[in-house]
Amino acid sequence: MEKENLIKVGDVFYVICRISIGLFFFITGFNKLFHPVFQGYMLKTITSLGFSNPQFMANFVAFNEMFWGLLLLLGLLTRLSSFALIVVILVALFTKDIHSIPTELIPIDAKVGNRPMDSFTWLSYFFYLPQVLYIMILGLFSFYGYKAFGVDRFIKRKKADPYI
């Protein structure tokens with residue numbers, strides 16, 4: 001395959017990833033705002049983390065996921081929306097998800113006994129969290145922008161040449 005064709009295929013894959021992740025955040029934010037089951041789960045999570053005014057914070061986080069996810073999906077303000085979603089994920093990662101990593105290894109055979117978690121194994125658990133992967137991919141979107149397809153393309157074109 002020629003280099004030009006590889007670049008085009010890479011751009012298509014990049015756009016598919018951007019649209020998929022934007023859709024993911026839009027749907028999860030929408031559900032947390034409007035679906036009773038997800039509203040309850042979100043409120044319970046925010047309350048258990050000790051945030052003040054948990055109802056407001058639950059709605060605020062859900063709205064941000066939905067809003068910035070929609071912009072990412074459309075390719076509108078791609079860099080800004082990616083960065084905003086990174087902030088949302090970092091807060092979730094450091095307030096809740098990082099605490100899901102075990103502190104010790106529990107073997108199948110109880111006679112062996114529990115062992116403390118070494119740094120290398122802890123790091124493998126950390127990288128296994130889906131939030132870390134989202135942060136990495138959103139970081140790419142933050143640096144590269146909309147790429148080949150998105151509303152940003154039309155905005156950029158208008159700014160570059162107002163007569164088009």
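# A salt bridge, a pocket and a surface patch

Glu65 forms a salt bridge with Lys32, and the closest nitrogen and oxygen atoms of the pair are 2.9 Å apart. Because Glu65 lies in helix α3 and Lys32 in helix α1, the pair ties together parts that are 33 residues apart in sequence. The model in which this contact is found is a predicted one, and what follows should be read with that in mind. Glu65 counts as buried, because its relative accessibility is 7%, and the cut-off for that class is under 20%.

The count of salt bridges comes to 2. In the other pairing, the side chains of Lys96 and Asp97 meet with a distance of 3.6 Å from N to O. The partners of this bridge fall into separate classes of accessibility: Lys96 counts as partly exposed, at 34%, whereas Asp97, at 11%, counts as buried.

Residues from these bridges also appear around the largest pocket, in which about 700 Å³ of space lies. Rolling a probe the size of a water molecule over the atoms shows where empty space is left. The pocket is lined by 28 residues, and those that lie nearest its centre are Lys32, Val61, Glu65, Ala92 and Asp97. Lys32 and Glu65 are thus to be found both in this central group and in the salt bridge described at the start, while Asp97 is likewise in the central group and has Lys96 as its salt-bridge partner. Which helices supply at least two residues each of the lining? They are α1, which runs over residues 3-34, α2 over 36-48, α3 over 54-74, and in addition α4 and α6.

Helix α4, one of the contributors to that lining, covers residues 78-95 and so has 18 residues, reaching 26 Å from its first C-alpha to its last, which is close to the 26 Å expected at 1.5 Å a residue. Its buried residues are Thr78, Ser81, Ser82, Ala84, Leu85, Ile86, Val88, Ile89 and Leu93. Ile89 can be taken as an example from this list: its place is in helix α4, and it is buried because its relative accessible area is 5%, against a limit of under 20% for that class. From C-alpha to C-alpha, Ile89 and Gly139 are 12 Å apart in space, although 50 residues apart in sequence.

Two pairs that involve helix α1 give further distances across the model. Glu4 is found in helix α1 and counts as exposed, at 55% relative accessibility; its C-alpha atom is separated by 53 Å from that of Ser52, which is 48 residues away along the chain. Val9 also lies in helix α1, but counts as partly exposed, with a relative accessibility of 46%. Between Val9 and Tyr128 the C-alpha distance is 28 Å, and the two are 119 residues apart in sequence.

The loops between helices hold two residues whose backbone angles deserve attention. Most residues other than glycine have a negative phi. Asn53, by contrast, has a positive phi of about 50° although it is not a glycine, and it lies in the loop between α2 and α3. Leu77 is placed in the loop between α3 and α4, and its phi, near 50°, is again a positive value in a residue other than glycine. Are these residues buried, partly exposed or exposed? Asn53 is partly exposed, with a relative accessible area of 48%, and Leu77 likewise counts as partly exposed, at 43%.

On the surface, Trp122, Leu123, Phe127, Leu133 and Met136 make a nonpolar patch of about 470 Å². Two helices, α5 (119-128) and α6 (130-144), each supply at least two residues of this patch, and the largest share, 3 residues, comes from α5. Trp122 is found in helix α5 and counts as partly exposed, because its relative accessibility is 31%; since a patch is made of residues with over 30% relative accessible area, Trp122 passes that cut-off. Helix α6 therefore appears twice in this account, as a supplier of at least two residues to the patch and of at least two residues to the lining of the largest pocket.

Methods
Residues are numbered from 1 along each chain as its sequence is written. This is a predicted model: local features need pLDDT of at least 70, side-chain atom pairs count only at pLDDT 80 or more; totals for chains, interfaces and linings use all residues. Side-chain values use heavy atoms; hydrogens and water are left out. Patches are made of residues with over 30% relative accessible area and no salt bridge: like charges are joined within 9 Å, nonpolar side chains (Val, Leu, Ile, Met, Phe, Trp, Tyr) within 5 Å. Accessible areas come from the Shrake-Rupley method with a 1.4 Å probe; for residues, only the protein chains shown count as cover. A salt bridge is a side-chain nitrogen of Lys or Arg within 4 Å of a carboxyl oxygen of Asp or Glu. Helices (H or I, at least four residues) and strands (E, at least two) are DSSP runs, numbered from the N terminus. Buried means under 20% relative accessible area, exposed over 50%, partly exposed in between (1.4 Å probe, protein chains only). On a 1 Å grid over the protein atoms alone, a cavity is a set of points where a 1.4 Å probe fits but cannot get out, and a pocket is an open set with protein on both sides within 12 Å along at least five of seven lines; lining residues have an atom within 4 Å of a point. Grid points are joined across faces, edges and corners, and a volume is the space filled by probe spheres set on the points.
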